[in-house]
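Here is a short report on a two-chain model. It takes one chain's fold, then the interface, then a single residue.

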Amino acid sequence: MISQTLSRKFDQIITRYPLKRSAMVPLLLYAQDEVGHVSDEVIAEVARRVDVRPIEVTEVISYYSMLHRQPVGKYNIQVCTNISCMLRGADELFDHCCQKLGIGHKQTTPDGLFSLEEVECLGACCGAPAMQVNYDYYENLTPEKVDALIDELKKKEPRSKI
Amino acid sequence: MPGYDNPMGNSPLEVKVISKRFALPNSASLDVYLQHDGYQALKKALATKPEDVINEVKNSGLRGRGGAGFNTGMKWSFVPKQSAKLKYVVCNADESEPGTCKDRPLMEYDPHQLIEGIIISGYAIQAHQGFIYVRGEYRYLLEIVDRALAEAYARGYLGKNLLGSGFDFDLCTHTGAGAYECGEETALLNSLEGLRGYPRIKPPFPAVLGLYGGPTVINNVETLSNIPHIILNGAGWYAKLGSPKNGGTRLFCLSGHISRPGIYELPMGFPLRRMIEEVGGGVPRGKRLKAVIPGGSSCPVLTAEEIDVAMDYDSVAKIGSMLGSGGVVIMDEDTCMVKVAGRIMRFYAHESCGWCIPCREGTSWLKRLLERFHSGGALPDDPDTALDVAYNILGKTLCPLGDAAAMPTISILQKFRHEFEEHLKLGYCPYEKKAVSVA
């Protein structure tokens with residue numbers, strides 16, 4: 001279910017800790033990066049590797065906002081609207097993203113390319129307003145910059161997907 | 001990194017200690033670090049008795065940069081010398097206090113400074129393993145720190161018998177996955193043990209019973225990044241950089257309505273007015289200042305009349321707020337403080353872990369109360385009701401998240417009460433001129 005590279009990475013991560021269970025969240029996050037979301041198979045695999053029951057993994061997942069049980073778009077756009085970003089137009093920026101993509105908070109475009117999420121402070125307060133696309137930061141944003149970025153990401157895709 | 005902008009400000013008023021290497025080309029590499037005093041402090045520390053290292057840090061007046069402001073050397077001294085259980089050092093890199101973004105450049109531009117600080121703290125308490133808990137969103141920093149750790153291992157700054165001293169130390173990163181609460185030290189420990197990040201009851205404090213049941217020191221990234229400078233240049237030198245009992249410099253993150261947003265390294269005790277007007281270039285477009293959050297969203301807000309204060313822990317506490325984590329958020333005259341209060345509470349309601357009922361219920365109630373001034377349905381009693389709810393959270397929760405939610409709300413309700421009344425009277429937000437229905 002997971003690649004050999006990731007499997008080796010898992011083996012290496014688990015050795016860092018005196019208690020295998022400590023590796024649970026890192027394993028879930030890396031598996032999600034590869035699989036796209038935390039599927040039932042991911043839960044079973046992580047549970048087996050860190051030596052706990054699958055229900056114990058499920059309990060932990062619901063605590064963390066970055067772990068998704070459902071698939072999200074290939075590009076997950078996370079707009080920060082917390083205080084520093086709000087003061088510099090983040091609400092308007094988020095509305096603009098909704099219009100541009102035709103989706104709302106925690107929704108995905110029908111082609112599966114983009115998801116949109118309003119998130120809490122990303123630690124980019126001095127570059128507000130800011131967002132993350134997957135793990136990449138984009139700062140000092142304007143609606144025009146967001147448009148250009150989304151268009152650029154669309155262009156990267158094979159024609160059949162547009 | 002695409003679209004990434006350097007967050008560092010640039011002001012002639014800065015005193016650069018922990019940020020002094022940031023502008024060097026390849027500043028994150030071990031070679032550059034070694035050319036600029038790198039690992040000299042570790043050499044010096046390893047030739048000193050562990051308790052003398054603790055005393056040096058204690059005397060420097062370094063206080064926790066995560067927000068609590070406790071004397072770092074004192075915190076280390078609470079770790080028992082003899083322990084049947086293994087001891088640990090944990091670096092808190094779960095930076096997520098709104099308005100705060102200073103740990104990012106510390107890991108991005110100078111990861112070895114942090115690593116050296118962690119090794120020295122490990123030596124001081126005689127721990128042999130450390131973890132750097134990085135928030136999940138900071139994936140690119142995790143990769144930078146991992147590269148630095150690999151370099152340090154390859155050159156004998158980590159692992160067995162460091163620099164021939166006989167002291168062993170292992171260090172690795174750990175990623176979180178999105179949870180503000182995990183910045184609280186005991187919640188962080190639970191998270192690191194693979195559990196939900198609920199806080200633990202204190203006492204016992206982590207210094208006695210922490211990670212995997214062993215004595216544990218948990219310090220913020222910025223706190224630990226200061227350690228090599230203190231060891232190398234001495235406690236007296238460090239203490240003199242700041243104000244009495246507030247040693248050193250700190251990274252202040254200026255954000256919001258400010259002409260030159262950015263992270264600036266300034267001496268402790270630097271006047272807030274000068275920070276806003278001279279360092280940050282004042283409020284843009286000639287607008288007047290309305291309010292300032294001095295140290296991240298958990299701190300009570302200050303009005304424009306309260307900014308003649310020295311930015312150190314004791315002076316800011318004296319006027320009823322906190323120096324917090326260095327996130328200085330500036331708001332101009334057009335800012336709706338009712339909206340600010342609502343937005344801050346939405347954050348805490350989202351991040352409350354749900355363990356303590358006053359926090360879990362109170363933050364949700366407050367969020368609904370504060371947001372209905374804008375969404376419609378606010379009652380004339382709502383400002384008083386909100387205050388009552390906030391006071392019923394304050395001091396009644398296991399961890400400081402409850403207080404962090406209550407304090408800014410109370411301060412905004414008290415200092416900007418007229419704005420709440422105005423919303424009720426007008427039936428719309430005077431700042432957005434948008435009609436709302438009032439019950």
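Along its sequence, chain A runs α-α-α-α-β-α-α-β-β-β-β-α. That gives seven helices and five strands. The model is predicted.

**Chain A**

The C-alpha atoms of chain A fit a box of roughly 50 × 40 × 25 Å along the principal axes. Chain A has 162 residues, and 58% of them are buried. Its accessible surface is about 7,200 Å², with 49% of that on carbon and sulfur atoms. Take the contacts in chain A with a sequence separation of 6 or more: 60% of them join residues 24 or more positions apart.

**The interface**

The size of an interface is often given as the accessible area lost when the parts come together. For chain A and chain B, this buried area is about 4,400 Å². Carbon and sulfur atoms carry 56% of it. Chain A brings 44 residues to the contact, and chain B brings 66 residues.

Polar pairing across the interface is counted in two ways. Five salt bridges link chain A and chain B. One named pair is Arg139(B) with Asp33(A), a side-chain salt bridge at 2.9 Å, N to O. There are also 28 residue pairs in polar contact between the two chains, both residues at pLDDT 80 or more.

Which elements of chain A each supply at least two residues of the side that touches chain B? They are helices H2 (24-35), H4 (54-61) and H5 (83-86), with strands S3 (114-119) and S5 (136-138). H2(A) gives the largest share, six residues. The table breaks down this side of chain A by residue class.

| Class | Residues on the side of chain A that touches chain B |
|---|---|
| Nonpolar | 25 residues |
| Polar | nine residues |
| Charged | 10 residues |

**Glu184(B)**

Now a single residue in chain B. Glu184(B) sits in the loop between strand S3 (170-175) and helix H8 (185-192) of chain B. Is Glu184(B) buried or exposed? Its relative accessible area is 11%, under the 20% cut-off, so Glu184(B) counts as buried.

Leaving out residues up to four places away in sequence, Glu184(B) touches Pro199(B), Lys202(B), Cys399(B) and Pro400(B). The side chain of Glu184(B) also makes a polar contact with the side chain of Thr186(B), at 2.6 Å. Gly197(B) lies 13 residues from Glu184(B) in sequence. The C-alpha atoms of Glu184(B) and Gly197(B) are 9.0 Å apart in space.

Methods: Residues numbered from 1 in each chain as written. Chains lettered and ligands numbered in written order. Predicted model: local features only at pLDDT ≥ 70, side-chain atom pairs only at ≥ 80, totals over all residues. Heavy atoms only, no water. Contact = heavy atoms within 4.5 Å. Buried area = accessible area lost by both parts, 1.4 Å probe. Salt bridge = Lys/Arg side-chain N within 4 Å of Asp/Glu carboxyl O. Polar contact = N/O pair within 3.5 Å; in protein donor to acceptor, adjacent residues only side chain to side chain. Helix = DSSP H or I, 4+ residues; strand = E, 2+ residues; numbered from the N terminus. Nonpolar A, V, L, I, M, F, W, Y, C, P; charged D, E, K, R; others polar. Buried < 20%, exposed > 50% of the residue type's maximum accessible area, 1.4 Å probe, protein only. Areas by Shrake-Rupley, 256 points an atom, 1.4 Å probe, with all protein chains shown as cover.
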